[in-house]
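Trainee: Could you take me through one part of this protein slowly? I would love a close look at the salt bridges and where their partners sit.

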Amino acid sequence: MSVSVSERPGTSGFGASPPSGRTARPGVALAVIAGCNAMIQLDDPVVNIALPGMRADLGLGAVGASWVLSAYLLAFGGLLLLGGRAGDLLGRRKVFLTGVAVFTVAAGARALAPTGEVMIAVRAVQGLGAACAAPSGLALLLSTFAEGTARKKAIAVCTAVGAVSTAGGLLLAGALTSLGSWRWVLLLNVPIGVAILVLGPRVLEETARSRGRLDVAGALLSAAGTASLVYALARAADHDWSDATVVPLSAGLVLLAVFAVVERRAEQPIVVLRLFADRDRLLAYLAVLAVPGALVGAYFFLSQSLQHKGLSPLVTACALLPVPVTMAVMAGVAVRAERLLGPRRLMALGAAALALGNLMLAGLDDVEVIRIVPALVLLGAGMACCVIPPTVLATSRLRGDEAGAASSVLNSLQALGGSLGIALLVTASSGRTSLADARSAGFAAGTVFAVVVLLAALAVRRPADRRRR
């Protein structure tokens, strides 16, 4: 992949001839990578919609139902760094397609699960597939599209497709649940996975394998540390910050600290620590970690509040559509705006929109569909503006053998950010005497996350300062 900050001639769009070593059909390759992104993002709303029926038919209690969600998150979050390194060593296309195959087979198997225990086990296997596919997919995107406009457009397309899949998934899952069985809903990802497996080998170029061996100690420490953090944060969303939550959280932090020491001394580390030496990349990682906390409240609190008012799950899903629809529409606009404003200013504007949207929702004493639409539009626009700049900053100026590691770190922080966001928002809203007070406190916490993104954006160096380095 290109390591030049400037754009190469002939790579400014999808119709241009690809640089040496890149696929001759970049548009179809992008569709495959974006399809994988959509498949993974679609999974969360699908499982949440199916969960009530699943609990009734499989006899799952509250703890079992939580493990249907947690088993996937633990495997996905814990194995992302390992999945990224495996792509470097074995070939990113091979690991990507293997991950998609595992994810797809597990998605089909869960629809046939006879017991809750089998469902939980299959969900963990599905998380393993996602942990292989997600970082290798992003690394393939980096190797297919050179730095500059083409790569920014590719990231925007993935963002838009992910947003559309979330919107469509909410509606389709709600309709299928109402008309048929929860088992039908769980099959939605299977056709997407099959299409990727058919097209992928034809349009994705295999990357050169890095020489070396797997850092076993680093892999075990990163998997255990990240899984402990995800578990603690997921538990904190449903429980108080008791010893049962603080202990795994502390253990996760200690394990990751030991992981950093081991990686510093390892000859072939699973994560190259020099990735964190670049100031702008570090700030981009901070933004990626904080952004989910500025959005997650819209789905978590508003879905409860709207259904508490008597709206059906399908109508509630329709009421939340302004977020993904605006995000999809604004993704292309954000690419053009980034050319004019630069990543620093665009991310700052997006963070300001996220903060304003959260403040508007925090100030509502009653949730009515017509009153929440302006805030949801702001949240969708803010997300579109806050996804592209940090992704570009985090994946720029990389050596060819660093793409897998950088991609896996980015995906790990996104997974942690979602868990961290919901845990802290629920903590902020707990103990309130009414649903309205809890909702307001939660959106106030969401505003804090948006401010963190804003501060990270303002600390990013201006382009002239980066060029002087």
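Mentor: Happy to; here is a walk through the salt bridges, after a word on the model itself.

This is a predicted model, in which local features need pLDDT of at least 70 and side-chain atom pairs count only at pLDDT 80 or more, while totals for chains, interfaces and linings use all residues. Residues are numbered from 1 along each chain as its sequence is written, and side-chain values use heavy atoms, with hydrogens and water left out.

The pLDDT is the predictor's confidence in each residue, from 0 to 100. For this protein the mean is 82, and 89% of the residues reach 70 or more. Over residues 1-21, however, the pLDDT is below 50. Where pLDDT is low, the predicted coordinates should not be read in detail.

Now to your salt bridges. The term means a side-chain nitrogen of Lys or Arg within 4 Å of a carboxyl oxygen of Asp or Glu, and the structure holds 6 of them.

Start with Asp88 and Arg92, whose closest N and O atoms are 2.9 Å apart. Asp88 is buried, at a relative accessible area of 1%, and Arg92 counts as buried too, at 6%. (Buried means under 20% relative accessible area, exposed over 50% and partly exposed in between, using a 1.4 Å probe and protein chains only.) Arg92 is also one of the buried residues of helix H3. Helices here are DSSP runs of H or I with at least four residues, and strands are runs of E with at least two, numbered from the N terminus. H3 covers residues 92-110 and has the highest mean pLDDT among the elements, 95.

Next, look at Glu338 and Lys152, whose side chains meet in a salt bridge of 2.8 Å, N to O. This pair links distant parts of the chain: Glu338 is in helix H13 (residues 322-362) and Lys152 in helix H5 (residues 149-179), 186 residues apart. Glu338 is buried, with a relative accessible area of 6%, and Lys152 is buried at 19%.

A further salt bridge joins Asp278 and Arg461, with the closest N and O atoms 3.9 Å apart. Asp278 lies in the loop between helix H9 (243-265) and helix H10 (279-290), and Arg461 in the loop between H16 and H17, so the pair ties together parts 183 residues apart in sequence. Both Asp278 and Arg461 are buried.

Finally, find Asp43, Arg110 and Arg123: salt bridges that share partners join them into one network. Arg110, like Arg92, is among the buried residues of H3.

How values were computed: Contact = heavy atoms within 4.5 Å.
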